[in-house]
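Q: Can you walk me through how a few of the labels on this model are earned?

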Amino acid sequence: MSFAFRNQPLKGLYLTYQALIILFFLLPWWIIRSLFRSWRPRPSWGIKRAVIVNFIRHFIYIGTQTGPLFRTPDYHNIERDVGDYGVWVKAAPELVKGELEAFATAASVKPCTLPGYWVHKRGSDIKIASPPVLGEKVLYRLHGGGYTGFSAHPSDLSATIVHDLPKFADVIRRVFSIEYRLSSTKPFPVANPFPAALIDALAGYNYLVHDVGFSPSDIIVFGDSAGGNLALALTRHLVEHKVDHMPAPPGALVLVSPWCDLSGSHDNPGGTFDRFKNVDYLLIRGADTYHQVAFLGPHGFEAAKNKYISPSYKSLTIDFKGFPRTFIAAGGSEMFLDEIKTLRARMAGDLGEGDGLSEGEGKVKYFEEPDAIHDYPLANWHEPEKTRTLKEIARWIDVAASPVDQSLES
């Protein structure tokens with residue numbers, strides 16, 4: 001990513017040029033090309049989806065030349081438009097132990113106070129940050145964005161899941177999202193490399209357990225894309241550092257299109273990185289993109305081969321013993337599909353494949369939509385795959401609940 005047009009007036013001129021190109025050339029061409037089924041990214045797609053995916057890919061490309069196009073809420077302030085639904089979450093330095101502490105010291109990363117945002121199910125009368133009611137589960141959301149973009153704010157483009165999933169899950173009445181620190185590097189300020197986001201995710205988890213009062217078994221950690229990577233790292237740290245002041249691991253994980261190999265070991269000829277590069281909208285290739293450079297920071301690319309950062313790295317020996325029941329959703333047309341399948345195989349090898357609904361049954365549930373792209377449940381236009389997947393996740397959450405849990409809505 002060059003960000004050659006990041007400064008004004010070049011940025012304004014470049015955006016004007018791109019708007020004209022899209023309106024008068026690219027959009028007509030995308031429509032014409034999509035009229036022919038064999039010319040669409042996938043022949044099974046409709047015209048609308050083919051055009052939208054082409055537009056998103058080009059829009060992301062524009063961002064690689066200009067930098068951020070919109071202001072994004074960050075960890076410095078709570079946005080005023082959320083009222084009491086925004087809360088401050090105190091730092092939890094006592095949770096930064098072991099390998100995580102060594103990484104933090106090497107990168108000069110320290111815990112800090114952060115904003116968090118609540119979203120309540122429509123019609124709910126629960127007060128902000130009040131103790132859980134009998135049998136209540138809470139969704140702890142870690143947003144995606146390559147560790148360099150998007151926000152925990154309820155109005156963020158990535159936040160549709162916090163509004164939509166509770167509609168289908170009876171035992172979920174509210175969702176909490178932590179505004180973890182985003183990574184950045186040159187030509188922008190160098191800031192917040194690994195493990196900043198993981199330290200912040202631990203603070204949010206600590207808040208749910210010790211300040212709000214949720215039992216870890218009633219916390220469902222949801223992560224999409226880079227958020228899925230962060231959810232796995234958070235759970236691993238909780239599993240491997242069971243000390244008196246450390247909360248237990250969560251009761252369940254939901255991973256949507258998790259980015260689980262930052263090392264690039266799955267970027268091979270004939271793999272899904274290669275086969276779907278003109279189908280999916282992602283521009284991530286190999287291990288040298290802005291996202292990786294910013295996130296890995298002073299640790300360098302060798303750090304990407306670590307179990308906290310790339311649990312699907314091909315040459316890594318890793319186990320998932322002690323992890324909770326996990327739902328993995330993937331798009332059958334996404335570039336990350338190979339690394340997601342590696343993750344699935346490794347988790348199922350230790351936990352067993354199944355729903356995890358009865359003793360002795362496997363705890364890894366895998367769900368794949370053949371025509372779906374990366375992180376598709378966040379896109380309102382990606383139907384029927386989006387709703388079908390959310391209903392499947394909700395069923396998985398609700399069926400596992402005890403009878404007292406399922407009486408919440410009665």
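Q: Which residue just after H2 takes a positive phi?
A: Glycine 67 does, with a phi of about 85°. Before going on: this is a predicted model, where local features need pLDDT of at least 70, side-chain atom pairs count only at pLDDT 80 or more, and totals for chains, interfaces and linings use all residues. Residues are numbered from 1 along each chain as its sequence is written, and side-chain values use heavy atoms, with hydrogens and water left out.

Q: Why is histidine 58 called buried?
A: Buried means under 20% relative accessible area; histidine 58 has 16%, so buried fits. Histidine 58 sits in helix H2 and touches Gln18, Ile22, Leu26 and Trp30, not counting residues up to four places away in sequence (contact means heavy atoms within 4.5 Å).

Q: What covers the buried residues of H2?
A: The cover includes helix H1 (10-34) and H10.

Q: Why does the length of H2 agree with what a helix should span?
A: The expected span is 1.5 Å times one less than the number of residues. For the 20 residues of H2 (residues 47-66) that gives 28 Å, and the end C-alpha atoms are 29 Å apart, which agrees.

Q: Why are H4 and H10 called oblique to each other?
A: The axes of H4 (residues 160-168) and H10 (residues 385-399) cross at roughly 60° and come within 9 Å. Angles under 35 degrees count as roughly parallel, over 145 as roughly antiparallel, 65 to 115 as roughly perpendicular and the rest as oblique, so H4 and H10 are oblique.

Definitions and conventions: Axes are lines fitted to C-alpha atoms, for helices over the stretch in contact, and angles run from 0 to 180 degrees between N-to-C directions. Helices (H or I, at least four residues) and strands (E, at least two) are DSSP runs, numbered from the N terminus. Buried means under 20% relative accessible area, exposed over 50%, partly exposed in between (1.4 Å probe, protein chains only).
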